[in-house]
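Colleague: I am new to this structure, and I would love a close look at a single part. Please choose how the strands pair, and start with the background I need.

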Amino acid sequence: MPRGEIDEAWIEEAVRRYRRIETLQAEFDQAVDTVEVTVRSPDGLVEVVVTAGGRITDVRFLAALHQRNPRDVAGSVRAAVTAAADAAQWAREKLHNETFAAYRPLAGA
C-alpha cells in the first residue's frame, strides 16, 4: 500500500477485535466476581470460600473450638486465609487464560 493511504480493512478488523476484547473483559470481570474457590487450613479446622477477585464470602469452623488453644485457632485461620489468597490468584489466572485463550495480536501490528 502506498504511503499515506489508509487500510480500511485493517481498521475495521482492529475495531472488531477491540470490541471483542471489551466483551471478553466484561465476561472476565463478571467471572472474577462470581467464581468461588474453597480451601481449608492444613489441620482441617477452618474452611474459607473466596471469589477469584479475593473477596472472602464464607468462613466455617469444621470442628469444635471450645477445647482448642486460641493461638492454634488463630494460626488455622491465618493459614486458611493465606491459602484463600493463593487460591483466588490461581482462579484469576485460570479464568484469564480461559477467557483470552483465543485472542491473538493483530498481524502486522
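Modeller: Happily, and one term comes first: a residue is called buried when its relative accessible area is under 20%, exposed when over 50%, and partly exposed in between, using a 1.4 Å probe and protein chains only. By that yardstick, 24% of the 109 residues in the protein are buried. The model is predicted, so to speak of local features we need pLDDT of at least 70, and side-chain atom pairs count only at pLDDT 80 or more, while totals for chains, interfaces and linings use all residues. Numbering starts from 1 along each chain as its sequence is written, and side-chain values use heavy atoms, with hydrogens and water left out.

Now the setting. The protein has two helices and three strands, in the order α-β-β-β-α from the N terminus. Here helices are DSSP runs of H or I with at least four residues, and strands are runs of E with at least two. The radius of gyration, taken over C-alpha atoms, is 23 Å, well over the 13 Å from the globule rule (2.2 Å times the number of residues to the power 0.38), so the protein is more spread out than a compact globule. Its C-alpha atoms fill a box of roughly 80 × 20 × 15 Å along the principal axes.

Then comes your part. Strand β2 (residues 46-51) pairs with strand β3 (residues 56-61) in the antiparallel sense, over five bridges; pairing requires at least two bridges found by DSSP. Along this pair, V50 stands opposite I56 in β3. Four residues lie between the strands of this hairpin, where G54 takes a positive phi near 95 degrees.
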